[in-house]
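Before we talk through this chain, please have the sequence and the coordinates open together.

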Amino acid sequence: MPATLSSAFDASVEALRAATRSLPAFPEPGQARTLLFQAQEFFAGLRAYPDVFARDAAKAPGPGSLMSRPLADIRTYFAVADRHVAEALARSSVNSGPAGEPAIHLQVAATHLGASRDLMRTHRGPDGDPVTPYLYLLASGGAQRYVFFRVTDLAWELGSFIERLADISYISGVSGNLRLAHQALHRSVVLGREANKERLVEFGELSVAPALAVGPTPQPDLPSALDRIGEECDRVIRAVFQASRRTGTPLSGSDLRQIGRSLAHGHLLIGRLLLHLAGDQPPELADRLRRTAGGLREVAQGWQLVTDALRSVVDLTDPREHPALPRFSDIHIRTGQVALMPRTQPHPATISVHTASLCVGQLLYGPRWDPTMPPPQPRLSADILNTVRIGPLLRDLHRLPALGQHFAQAAPYLLDEIKHNLVTHSGRRPSPRTRWFALSADRLDHLLDVFHAAADNAKRGAQLMAGAAMAVGADTPRARLDALVRHMVAPGPPPPPLPASRAFAKAQERWMPAHRMPVARRGLVRNQGLTDQHSERLPGAHTPPPRRPTL
């Protein structure tokens, strides 16, 4: 299972429950003090978590909306609980003893809690700029409510641990303060959950932003292959986002064509896999899978049109993909009539899309399948569905059509970045001096139309995959998360910053309220003999008197 934000919180909650279950009925001498110290250390990290997350959310791009009320409630009762825990520790026995198994579980819970914070920070670069579009979700109220809600889950389990620790403590001052700390944590949980009802549950599907370095070839077993497909799709989304914002390595024309070819191949393989699995499914589900496979075939045809449109286009900085060239000899090289093409490496996103398509093919044909070899007999449906059900399989395979939608929407900005490097030998009558010309405006418009059509097809393919997964009872929170990100974050470079003069003038502007404030001293207005109708016509106290322009 890939590392997600919800899985990190769930692992921390489960570790706290294990620590509570492992508390002995009769602790060793000094064990209660050591466990109380370990609980205080974990609570210190949990108490600082909302404030640290609030600071990170305030730095997130986009229109921010910080949930101040839930944060204030959590902060208030956490401070009360921390004071009682410190008082209980001060009144406990002086000598400490071995903590035992509960301390190990507390350490595991603290590790997973820190991992959830580090997971969100992987979507931010060293300079603070976003490296994926998912960072914009931190500025939304739903994502903040989700994080605060999961913090209250941890507070509830920590309160249960402290209550159990109070039961086994034989010092009245210690047990009394621990029960007061449990009550404070309980109140913070009640208020926090009440304020965070309308949370964005899909934010829990946020995964680690993978680096652009390509790892080794995956093992062909089913769970790791599905996880690898999601990881490679996240890597490509990061690369496309940075390239469209001009903060990362741009994708060349050869990369665009190879990505289109791999996407076409991957959609065809998913369609064949669905047709193969439909033979052993109930009639209604089998018809649904066949319709989804037909839609994916249309998506693959759209990506093949993208590949064909780039067939006669050559990127001068990366001519790995080029049409057939005339043969030449050493005499042409010596006379300077031809030159050897530079040897370049593909972009990591190109390799990632190819790897994702390769994983889909290995699911269908076995671990030794390669795209260059003829397709062998597919694996048995029972073997494919032996370790994963049809619903999670469709849910994870949805990532490839969703990736195609991300890529197709960002393609116009990727083309705009490299259009000065693209040449072609078709579309114009060749000159006696050269047979390569820069792309014309009509040719660029044709490429944009092809990518727009591919985006529409990819959207339909993603909807068909999500509908098929929901038809078998599998929830698709990651599909909803991707749709929300595409709605919130438009591809392309960010707007340019204001010039220094305009920024200084904007900072010097006097703050003016956006609406007229109500009259504060209504009695004074009535004493002056003015009605409410006349009082509404009165200029506000903040409005400066009008001045006539003078020459």
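The dialogue below goes from overall confidence and composition to helices, single residues, cysteines and cavities.

Q: What kind of model is this, and how are its residues numbered?
A: This is a predicted model, in which local features need a pLDDT of at least 70 and side-chain atom pairs count only at pLDDT 80 or more, while totals for chains, interfaces and linings use all residues. Residues are numbered from 1 along each chain as its sequence is written, and side-chain values use heavy atoms, with hydrogens and water left out.

Q: How should pLDDT be read, and what does the chain average?
A: pLDDT is the predictor's confidence in each residue, from 0 to 100. The chain averages 82, and 82% of the residues score at least 70. Among the elements of the chain, helix 1 (residues 5-21) has the highest mean pLDDT, 94, whereas helix 18 (residues 522-527) has the lowest, 40.

Q: Over which residues does pLDDT stay under 50?
A: Where pLDDT is low, the predicted coordinates should not be read in detail. Here that concerns residues 503-543, over which pLDDT stays under 50 and for which the model has 15 contacts (heavy atoms within 4.5 Å) beyond four places in sequence.

Q: How many helices and strands are in the chain?
A: Helices (H or I, at least four residues) and strands (E, at least two) are DSSP runs, numbered from the N terminus. The chain has 19 helices and three strands. Of the contacts between residues at least 6 apart in sequence, 82% join residues at least 24 apart.

Q: What share of the residues counts as buried?
A: Buried means under 20% relative accessible area, exposed means over 50%, and partly exposed lies in between, with a 1.4 Å probe and protein chains only. By that criterion, 47% of the 551 residues of the chain count as buried.

Q: How does the reach of helix 8 relate to its expected span?
A: The expected span of a helix is 1.5 Å times one less than its number of residues. Helix 8 (residues 253-278), with 26 residues, reaches 38 Å from its first C-alpha to its last, close to the 38 Å expected, and this helix is mostly covered, since 20 of its 26 residues are buried. Helix 4 (residues 101-121), with 21 residues, reaches 31 Å, close to the 30 Å expected.

Q: What covers the buried residues of helix 4?
A: The cover includes helix 1, helix 2 (31-58) and helix 5 (141-167). Among the buried residues of helix 4 are Leu106, Leu113, Gly114 and Met120.

Q: Where is Val151 found, and what is it in contact with?
A: Val151 is found in helix 5 and counts as buried, at 0% relative accessibility. Leaving aside neighbours within four places in sequence, Val151 is in contact with Leu46, Tyr49, Pro50 and Phe78. Val151 and Leu46 are 105 residues apart along the chain, yet their C-alpha atoms are separated by 7.4 Å.

Q: Is Asp56 buried or exposed?
A: Asp56, whose place is in helix 2, counts as buried at 18% relative accessibility. Not counting residues up to four places away in sequence, Asp56 touches Arg121 and Arg124.

Q: What is the phi of Arg246, and where is its place?
A: Phi of Arg246 is near 65 degrees, a positive value in a residue other than glycine. Arg246 sits in the loop between helix 7 and helix 8, and counts as partly exposed at 48% relative accessibility.

Q: Why is Cys233 in no bond with Cys359?
A: A disulfide is a covalent bond between the sulfur atoms of two cysteines, and the search criterion is a pair of cysteine sulfur atoms within 2.5 Å. A search of the whole structure finds zero disulfides. For Cys233, the closest cysteine sulfur, in Cys359, is 9.5 Å away, so the pair is too far apart for a bond. Cys233 is buried, with a relative accessible area of 1%, and Cys359 is buried, with a relative accessible area of 1%.

Q: How many cavities of 30 Å³ or more does the structure hold?
A: On a 1 Å grid over the protein atoms alone, a cavity is a set of points where a 1.4 Å probe fits but cannot get out, and lining residues have an atom within 4 Å of a point. Grid points are joined across faces, edges and corners, and a volume is the space filled by probe spheres set on the points. The structure holds six such cavities, and the largest has a volume of about 160 Å³. Of the 14 residues that line the largest cavity, the closest to its centre are Pro133, Phe241, His406, Val489 and Pro491. The largest share of that lining, four residues, comes from helix 7.

Notes:
On a 1 Å grid over the protein atoms alone, a cavity is a set of points where a 1.4 Å probe fits but cannot get out, and a pocket is an open set with protein on both sides within 12 Å along at least five of seven lines; lining residues have an atom within 4 Å of a point.
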